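Please read the following walk through a predicted model with the coordinates open beside it. The paragraphs move from empty space to charged side chains, then to single residues and helices.

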Amino acid sequence: MDLHETTTGALRRAAGSRGRRLLLLVTVGTGILATAALLAGLPPAERTAATFAETVHAFVSVPLPFVGVLLAHDLRRAPGAPVLPTLAAATLIAVAAGLAGDALFVAALATSGSTASDPWAHVGGLAVAGVLVQVLAQLVGTGLGLLIARPGWACPATIVLPLGAYALLTPLGTARDRLTPYGALQGLLGAAPGGPRWAWWVTAALLWGVSLNAVGAVVLRRRAVRTGRVA
């Protein structure tokens with residue numbers, strides 16, 4: 001890859017091979033499958049914006065971080081390349097995935113024949129929350145991709161580590177929800193009476209998004225210095 005690559009170049013890398021294009025399609029496909037499953041199995045009285053949004057975005061957020069892992073792994077193979085263009089590209093892809101998830105859950109609810117008392121409650125906030133959920137999931141992917149040398153290990157780590165932390169922190173109650181990506185997802189997209197809990201996402205994003213990528217960037221910088229390849 002180009003040591004002076006731009007965000008546009010990183011976006012091209014995200015779809016630069018058949019396997020990567022397939023991964024992007026799978027990411028959207030999981031949301032479509034989740035939508036179809038809900039329409040087929042969910043009773044009309046339970047068909048609400050929150051229910052559709054939480055399930056659709058939860059499914060999309062599983063394969064999406066793999067995209068971030070692969071983009072970050074490219075940086076590991078080119079010590080000295082700037083990290084920010086890749087992170088910007090990964091974030092843009094996450095926003096696109098979030099908007100696709102929003103379109104799916106809104107369309108599904110509109111055609112679901114819901115009999116819930118207020119099926120569209122907080123739909124605007126849920127749409128914003130869906131995008132934020134995908135951004136956090138993607139940043140977990142880029143962070144672990146920077147820190148773990150092999151994508152074959154980093155990809156499953158994007159699932160195992162966040163869910164493992166969620167399970168281990170269960171005794172902490174609501175603190176667990178503020179400190180883990182899955183807790184943040186539930187806080188943003190769960191059927192909370194007051195709507196999305198934005199603070200849960202902020203704390204989880206600082207811990208799992210900002211911190212992971214910052215440490216990964218420092219590790220790459222030190223490798224570049226050792227090899228004399230500083231951009």
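Three helices, H1 (7-14), H2 (18-41) and H4, each supply at least two residues of the lining of the largest cavity. H4 gives the largest share, three residues. The lining as a whole is made up of Arg-13, Ala-14, Arg-20, Leu-23, Val-67, Leu-70 and Leu-71. About 30 Å³ of space lies inside this cavity, and the structure holds one cavity of 30 Å³ or more. As in all the local detail that follows, the model is predicted.

Two of the arginines in that lining, Arg-13 and Arg-20, also take part in salt bridges. Side chains of opposite charge can pair when their charged atoms come close. Arg-13 meets Asp-74 in a salt bridge, with 2.4 Å from N to O. Because Arg-13 lies in helix H1 and Asp-74 in helix H4, this pair ties together parts that are 61 residues apart in sequence. Arg-13 and Asp-74 are both buried. Arg-20 forms a salt bridge with Asp-74 as well, and here the closest N and O atoms are 2.9 Å apart. This second pair links distant parts of the chain, since Arg-20 is in helix H2 and Asp-74 in helix H4, 54 residues apart.

How buried are the partners of the second pair? Arg-20 has a relative accessible area of 15%, so it counts as buried. For Asp-74 the relative accessible area is 4%, and therefore Asp-74 is buried too; the cut-off for buried is under 20%. Arg-13, Arg-20 and Asp-74 belong, together with Arg-77, to a network of salt bridges.

A search of the whole structure finds four salt bridges. One of them joins the side chains of Arg-176 and Asp-177, at 3.1 Å from N to O. Both Arg-176 and Asp-177 are buried.

Arg-76, in contrast, is buried yet has no salt bridge. The nearest side chain of opposite charge belongs to Asp-74, and that side chain is 10 Å away from Arg-76. Arg-76 sits in helix H4, which covers residues 64-76. What does Arg-76 touch, leaving aside its neighbours within four places in sequence? Its contacts are Gly-145, Leu-146, Leu-147, Ile-148, Ala-149, Leu-220 and Arg-223.

Some of those contacts, including Gly-145, Leu-146 and Leu-147, fall within the residue range of helix H6 (residues 123-147). The length of H6 can be checked against its residue count. At 1.5 Å a residue, the 25 residues of H6 should span 36 Å, and the end C-alpha atoms are 36 Å apart, so the model agrees with the expected span. The expected span is 1.5 Å times one less than the number of residues. H6 is mostly covered, with 18 of its 25 residues buried.

The loop between H5 and H6 contains His-122. His-122 has a phi near 60°, a positive value in a residue other than glycine. With a relative accessibility of 40%, His-122 counts as partly exposed.

Helix H5 (residues 84-110) holds Pro-85. Is Pro-85 buried or exposed? Its relative accessibility is 15%, so Pro-85 counts as buried. The C-alpha atoms of Pro-85 and Thr-6 are separated by 5.4 Å, although these residues are 79 residues apart along the chain. Apart from neighbours within four places in sequence, Pro-85 is in contact with Glu-5, Thr-6, Thr-7 and Ala-10.

The walk ends with open space. Rolling a probe the size of a water molecule over the atoms shows where empty space is left. The largest pocket has a volume of about 360 Å³. Its lining counts 19 residues, and Ala-58, Ser-61, Val-62, Leu-163 and Tyr-182 lie nearest the centre of the pocket. Which helices each supply at least two residues of this lining? They are helix H3 (49-60), H6, helix H7 (151-168) and helix H9 (181-189). H9 provides the largest share of the lining of the largest pocket, five residues.

Notes: Residues numbered from 1 in each chain as written. Predicted model: local features only at pLDDT ≥ 70, side-chain atom pairs only at ≥ 80, totals over all residues. Heavy atoms only, no water. Helix = DSSP H or I, 4+ residues; strand = E, 2+ residues; numbered from the N terminus. Buried < 20%, exposed > 50% of the residue type's maximum accessible area, 1.4 Å probe, protein only. Lys, Arg positive; Asp, Glu negative; His and termini not counted. Contact = heavy atoms within 4.5 Å. 1 Å grid on protein atoms, 1.4 Å probe; cavity = no way out; pocket = protein on both sides within 12 Å on 5 of 7 lines; lining within 4 Å. Points joined across faces, edges and corners; volume = space filled by probe spheres on them.
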